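Shall we walk through a protein model together, one question at a time? Have a look at it first.

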Amino acid sequence: MPAENLVGKLNDGWRIANALLGHERLGTSNPQYALIALDRIKTVARASGVITDPAFRDRLAAASINVRALSALFSHAVELTNLQRGPGPEASLIKIFGTELLQSLNDLLIEAAGSEASIENPITTGFGTVDVSTSFLQVRRATIYGGSSEIQRNIIARRVLNLPQ
């Protein structure tokens with residue numbers, strides 16, 4: 001490789017790759033995705049009437065709290081990045097929390113849709129059209145982006161908790 005194509009210092013590729021992965025992990029955990037999912041859940045729940053079920057509302061409230069928690073974690077990580085302190089192992093924690101939260105939100109969306117959930121057709125409601133199945137299927141792979149959740153748990157165990165290998 002020509003020297004002019006070198007990124008960073010010679011033999012420093014692993015550090016650069018890890019920094020890039022940290023940023024990718026944060027990107028897949030952007031709370032905007034969770035906020036969109038929460039809006040979809042509310043739209044479908046109002047249309048299906050399940051919004052009046054107290055047990056469903058409790059699950060929706062818990063999901064809303066988790067979305068706020070993700071937003072706070074993400075904001076902190078962005079502040080660190082803006083201060084030229086790249087995301088460290090905490091990016092793994094945020095990635096696990098964010099992607100698994102997105103999956104649970106889409107599970108709640110399927111619950112809200114009930115028998116109207118369809119792989120082929122979006123749900124048309126008086127509050128807008130919601131494609132339930134596409135987002136449900138797409139978020140299944142989110143726990144693999146930037147390193148699977150299992151790998152992220154290993155990173156946390158080793159680099160944060162100093163557990164033996």
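Here a biologist asks about this predicted model and a modeller answers.

Biologist: Is S148 buried or exposed?

Modeller: Let's place S148 first: it sits in the loop between α5 (132-139) and α6 (149-160). Its relative accessibility is 18%, and buried means under 20% relative accessible area. Therefore S148 counts as buried.

Biologist: Which residues does S148 touch, not counting those up to four places away in sequence?

Modeller: Good follow-up! Contact here means heavy atoms within 4.5 Å. With residues up to four places away in sequence left out, S148 touches K95 and T143.

Biologist: Which helices each supply at least two residues of the lining of the largest cavity?

Modeller: The count comes to 1 cavity of 30 Å³ or more, and about 30 Å³ of space lies in the largest cavity. Its lining includes P31, Y33 and A34, as well as G98, T99 and L102. The helices that each supply at least two lining residues are α2 (31-48) and α4 (90-113).

Biologist: How many charged residues does that lining have?

Modeller: Let's sort the lining of the largest cavity by class. There are 5 nonpolar residues, such as L70, and 5 polar ones, among them N30. For charged residues, the number is none: the lining has no charged residues.

Biologist: Is N162 buried or exposed?

Modeller: N162 is in the segment after α6, and has a positive phi of about 55° although it is not a glycine. Its relative accessible area is 62%, and exposed means over 50%. So N162 is exposed.

Conventions. Residues numbered from 1 in each chain as written. Predicted model: local features only at pLDDT ≥ 70, side-chain atom pairs only at ≥ 80, totals over all residues. Heavy atoms only, no water. Helix = DSSP H or I, 4+ residues; strand = E, 2+ residues; numbered from the N terminus. Buried < 20%, exposed > 50% of the residue type's maximum accessible area, 1.4 Å probe, protein only. 1 Å grid on protein atoms, 1.4 Å probe; cavity = no way out; pocket = protein on both sides within 12 Å on 5 of 7 lines; lining within 4 Å. Points joined across faces, edges and corners; volume = space filled by probe spheres on them.
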